[in-house]
Amino acid sequence: MKVAVAGCCHGALDKMYETLELLQRRHNVRPDLLLCCGDFQAVRNEADLRCMAVPAKYRHMQTFYRYYSGEKKAPVLTVFIGGNHEASNHLQELPYGGWVAPNIYYLGYAGVVRFRGVRIGGISGIFKSHDYRKGHFECPPYNQQTIRSAYHVRNIEVFKLKQLKRPIDIFMSHDWPRSIYHYGNKKQLLKMKSFFRQEVESNTLGSPAASELLQHLKPTYWFSAHLHVKFAAFMQHEANSKEELPKATKFLALDKCLPHRDFLQIIDVEHDPNAGDSLEYDAEWIAVLKATNSLVNVTQSTWNMPEKNGLHAKWDYSVTEEAIKEVLEELNHDLKIPCNFTLTAACYDPSKPQKNMEPVHTINPQTTEFCAQFGLTDINDRIQQAKEEGSGRGECEEEEEEEMDSTGSAEEPSEYNTDNSGLSSFNPDEIMLDEEGGDEDLSTCSVDPSPDHPPEFSTSFSDIRIMPDSMAVSSDDAMDSNNEELEKSGGSKQVEEKSSTERSLKRISGDENINSGVKKIKRRNQAIYAAEDEDKTD
């Protein structure tokens, strides 16, 4: 089957789907599935905008709300993970995954599903070591700390995924697995993004948690986004035993969704021709969720996952074939994910903007139903209970915030050595926050939603590459640096047709410089988002 893969969507759903429809009209290529690697921005209303870690001046409604309201429907089944620029309050409603709109499915904090027999996994968010060992304690209304920590990867999600034994076909993460750049055309990457050099040479670019998962899961494909550059790599894995067959992962990072950018990839994936067209639960993953349910933590307390070190009575939470069989029997061997999407918030109305709408902590019926069916802890219900009992908090008190900021990972050491999650240096492809942009975001920010009929991208161009199944990586010397190719083009086909009325893209003014030591850079990209302080380069 044909799978389309997109990088950072940034709410431009119309653009993505228009491009796919153009591909079908002009080249008779129709993807069966669309995957998005984060920064999806499922923004339903003005309150959701307040829960997105971006400067107020870059907050725009975009077009997701039209799919949420039912005005439009995604023309292809879409599965996505969360990034670091999301309506965190919305995605938090679905910690185990669920429908954010008809035909658009979120994988949750971490998740595995099946489509036509293809096993698809993913982990949402980005890595930050000082939050990695905490529970999912955040809930709206967020403060300046929790609006960011809400999208930071937690060790429990990595631990759950590491319990999987059966092969994974496709895996998605927002930030790159650390060290993956050593398996691709590193020379070309640094030519295109020279400011990555320090992190690449010190091997601190990317997520160590994602790297750990890559080595454990060894999926056939791994897709990422976040760094806004196209990059391919091929990683040959070592066999764990003589009996194990050699495995390899084809890695691809996608660019962001903008006109004239190569932001979509089409690949052919082997599938089960006898399987149905519905998205399905993965029985092993459900069994793992049940086995690890006792480990759920909704506090800020830091803790390590069980390991074989003499301190834990149990450290192996992988599941038996019998446990998987029990899940199948519970479901009567019907793994189809129910189409039980439910509106849980008012939808944006362009004719009646509500700039002062405040976010609320919502328990989604999809999550309630899922937890009841499989005997799992409803994380949001547990958070709500903790708040009511006074033992938890949705909003940090000032003294504790200061203590958390000042001690950071010094008092809370991680098993990883650094706190880099992607870009610890200046990235001229991102719009950075000025110093004054942070404090007003959550309270008195002026929300600037798009008009009722925002300018549409021209459909006279397409930003797609059709990827052959081989997806091999060329050597440094053989790479054509002029066309920004980071994978072999044999059999690939690129549609590069410019709009007859090409839009001029806004240049960032000089008062938005990060520091005096950085050159002013003329950007041909639309303004996207970046967070300040620790998340400047998320």
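**Exercise 1.** Which residue caps the N-terminal end of α14?

*Solution.* The model is predicted, with local features needing pLDDT of at least 70 and side-chain atom pairs pLDDT 80 or more, while totals for chains, interfaces and linings use all residues. Residues are numbered from 1 along each chain as its sequence is written, and side-chain values use heavy atoms, without hydrogens and water. Helices are DSSP runs of H or I with at least four residues, numbered from the N terminus. The cap of α14 is D378: one of its side-chain oxygens lies 3.2 Å from the backbone nitrogen of N380. After α14 comes G390, with a positive phi near 80 degrees.

**Exercise 2.** Sort residues of α14 into buried (under 20% relative accessible area) and exposed (over 50%), using a 1.4 Å probe and protein chains only.

*Solution.* Step 1: within α14, residues 379–389, the buried ones include I379, N380, I383 and A386. Step 2: these lie on the same side of α14, because they cover an arc of only 120 degrees around the axis, taken from the directions from the helix axis to the C-beta atoms. Step 3: E388 and E389 are exposed on the other side of α14. Step 4: α4 (88–92) is among what covers the buried residues, contact being heavy atoms within 4.5 Å.

**Exercise 3.** How do α11 and α12 pack?

*Solution.* Step 1: α11 (residues 283–291) and α12 (residues 321–330) pack at about 105 degrees, their axes 8 Å apart. Step 2: this makes α11 roughly perpendicular to α12, a term for angles of 65 to 115 degrees. Step 3: A283, E284, I286, A287 and K290 of α11 meet A323, I324, V327, L328 and E330 of α12.

Technical notes
Helix = DSSP H or I, 4+ residues; strand = E, 2+ residues; numbered from the N terminus. Polar contact = N/O pair within 3.5 Å; in protein donor to acceptor, adjacent residues only side chain to side chain. Axes fitted to C-alpha atoms, helices over the stretch in contact; angles between N-to-C directions. Parallel < 35°, antiparallel > 145°, perpendicular 65-115°, else oblique.
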